[in-house]
Structures are given as structure tokens and as C-alpha cells.
Amino acid sequence: MGTDYQDARQKMVDNQIRTTDVTSHSVLKAFLTVAREDFLPTPLKPLAYIDSDLQISSGGEDGVPRFVMEPSPLAKMLQLAQINRDHVVLQIGSGVGYSAALLSLLAGSVVAVECDPVLAEASSAKLSDTGYDNVAVVTGDLEKGYPSEGPYDRIFFNGAVETIPETLFEQLREGGRLVAAIGTGLSAEAYVFVKDGGVVSGRPAFNISVKPLPGFRKAAEFVF
């Protein structure tokens with residue numbers, strides 16, 4: 001007897017997401033709609049709805065392994081971003097396309113940047129095959145974003161970083177929000193930044209533990 005993925009998806013939302021203060025109707029509906037198993041390699045499909053990060057790549061030239069983010073922190077970060085159908089979203093790190101599919105149901109359009117050509121090709125093909133046609137996956141340096149299609153109403157980081165380059169804040173539209181997990185391991189925090197009057201200000205929203213994205217390292221400080 002095979003896995004009942006629809007039932008597993010409902011249980012993920014009820015037991016992993018609703019119980020962690022996610023109340024946004026649009027976010028909950030997106031998680032109930034997108035088939036997480038469709039975006040995973042065959043050996044991982046039976047694990048699609050466990051409460052854990054799932055590794056989908058050992059990393060490119062940078063050697064940073066890539067993961068599909070655990071459902072609860074991903075849902076909390078999406079709720080923090082306050083995305084609606086009028087928004088153009090820049091996603092930093094498409095991975096295998098699962099979170100981009102969620103964003104496609106929340107936003108008007110999505111540009112997803114991916115530095116790993118293999119993941120970029122796989123996520124683009126899967127998003128197209130599954131009908132998420134308002135997402136464009138582009139290959140490029142995550143730290144540079146994708147300025148030619150900006151400015152963006154929302155910028156969403158699909159992983160943790162140590163620092164955010166100024167060029168990404170420059171791609172944020174006036175009144176826009178940028179959401180990222182900043183820090184490493186259990187000491188990371190989800191931050192929301194808002195651009196108002198050309199000035200970007202940010203605040204920590206909640207503690208979070210999210211796997212890192214390649215790049216985004218703080219410059220080493222000189223120590224006497």
C-alpha cells in the first residue's frame with residue numbers, strides 16, 4: 001500500500017505548521033496545495049512530510065549542501081513576509097523549487113535565483129511540469145540577486161545567511177519587505193527588513209534554525 005500523500009500533507013499542516021503560530025490563511029492553503037513529494041528525488045518522497053530538513057544536493061563548487069527547508073520555519077518566514085497576489089517576489093535560492101511553488105501561490109510573480117546550474121535546471125523543469133507558470137528560475141550568483149527585473153515588493157531568502165549585501169536592499173521596492181534567517185545553527189534569527197523613505201530598517205522576529213545558503217559570509221575581522 002502506497003503513501004497517502006494528501007493525508008500526510010494535511011497532517012503536516014495540522015501538526016507541524018498550525019501548532020507553531022502560523023495563522024495566515026493564504027500560507028496554510030499554499031502548504032495544503034503544493035505536493036512536496038513532487039519536488040523531491042524518488043528515495044526521499046516517502047519522507048516528504050517529516051518534520052525535518054531534507055538534503056537534496058551535496059553542494060556545487062562551494063561544497064555547501066542544499067536542503068528543502070523544514071515545513072514549520074519555512075511557513076513562519078513566509079507568514080512574516082506578508083505576500084499577496086499584487087507582489088513581485090525575488091527568491092534567493094530556488095533549490096529544487098518547492099518553496100518557489102509555495103511563493104507562486106502567494107504572489108503575482110516570482111523570480112527565483114539559483115547558483116547551482118543543476119538545481120536551477122531541475123527546479124525550472126519541475127515548476128513548469130507542475131503548472132507553477134508564474135515563476136522564472138534564473139541561474140546566477142545568489143549574492144547579486146537579479147536587478148534587471150527589480151525592484152521587488154518582497155525578497156525572500158530560502159536559507160540562512162551571515163550577512164546581506166547592500167545590492168539586495170537596493171533591489172527592494174519602496175515599502176517592500178525582505179525576510180531572511182540571519183545567523184548560524186541554533187543562534188539564528190528570522191529578520192524582517194522594510195524600506196521606507198529610501199531607508200531600510202530591520203528587526204528580529206523570532207529564533208530559527210535553518211540550513212545555510214552558499215555565500216553570504218561575513219568578512220573575517222582582524223584580531224590583534
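Contact here means heavy atoms within 4.5 Å. With that in hand, let us start inside the fold, at Ser-94. Leaving aside neighbours within four places in sequence, Ser-94 is in contact with Ser-99, Ala-112, Val-113, Glu-114, Ser-123, Val-137 and Asn-158. Ser-94 sits in the loop between S3 and H4, where helices (H or I, at least four residues) and strands (E, at least two) are DSSP runs, numbered from the N terminus. At 1% relative accessibility, Ser-94 counts as buried; buried means under 20% relative accessible area, exposed over 50%, and partly exposed in between, with a 1.4 Å probe and protein chains only.

A word on what you are looking at: this is a predicted model, in which local features need pLDDT of at least 70 and side-chain atom pairs count only at pLDDT 80 or more, while totals for chains, interfaces and linings use all residues. Residues are numbered from 1 along each chain as its sequence is written, and side-chain values use heavy atoms, with hydrogens and water left out.

Now step back to the whole chain. It holds six helices and nine strands. The C-alpha trace spans about 60 × 40 × 30 Å along its principal axes. The radius of gyration (taken over C-alpha atoms) is 17 Å, which agrees with the value near 17 Å for a compact globule of 224 residues; the globule rule is 2.2 Å times the number of residues to the power 0.38. Of the 224 residues, 48% are buried. Among contacts between residues at least 6 apart in sequence, 57% join residues at least 24 apart.

Next, follow strand S4, which covers residues 109-114. Five of the six residues of S4 are buried, so this strand is largely enclosed by the rest of the structure. Strands pair here if DSSP finds at least two bridges between them. Five bridges join S4 to S3 (residues 88-92), and these two strands run parallel. One of the pairings matches Gln-91 with Ala-112 of S4. Five bridges also join S4 to S5 (residues 135-139), again in parallel. In that pairing, Val-110 has Val-135 as its bridge partner, and Glu-114 has Thr-139.

Helices connect these strands. S3, helix H4 (residues 98-106) and S4 make a right-handed β-α-β unit. S4, helix H5 (residues 117-129) and S5 make a right-handed β-α-β unit too. A crossover is right-handed if, with the strands pointing away from the viewer, the path from the first strand over the helix to the second runs clockwise.

What about the charged side chains? A search of the whole structure finds five salt bridges, each being a side-chain nitrogen of Lys or Arg within 4 Å of a carboxyl oxygen of Asp or Glu. One of them takes us back to S4: the side chains of Arg-66 and Glu-114 meet at 2.8 Å, N to O. This pair links distant parts of the chain, with Arg-66 in strand S2 (residues 66-68) and Glu-114 in S4, 48 residues apart. Arg-66 is buried at a relative accessible area of 6%, and Glu-114 is buried at 0%.

A second salt bridge joins Arg-9 to Glu-37, with the closest N and O atoms 3.1 Å apart. Arg-9 lies in helix H1 (residues 5-17) and Glu-37 in the loop between helix H2 (25-33) and strand S1 (54-57), so the pair ties together parts that are 28 residues apart in sequence. Both Arg-9 and Glu-37 are buried.

A third forms between Asp-153 and Arg-173, at 2.9 Å from N to O. Asp-153 belongs to strand S6 (residues 152-161) and Arg-173 to strand S7 (residues 172-182), 20 residues apart. Asp-153 counts as buried at 12% relative accessibility, whereas Arg-173 is partly exposed at 32%.

Finally, which side chain of opposite charge is nearest to Arg-36? It is Asp-53, 6.5 Å away, and Arg-36 is buried yet has no salt bridge. For charge, Lys and Arg count as positive and Asp and Glu as negative; His and the chain ends are not counted. Arg-36 has its place in the loop between H2 and S1. Leaving aside neighbours within four places in sequence, the contacts of Arg-36 include Met-12, Tyr-49, Leu-54, Val-68, Glu-70 and Tyr-98.
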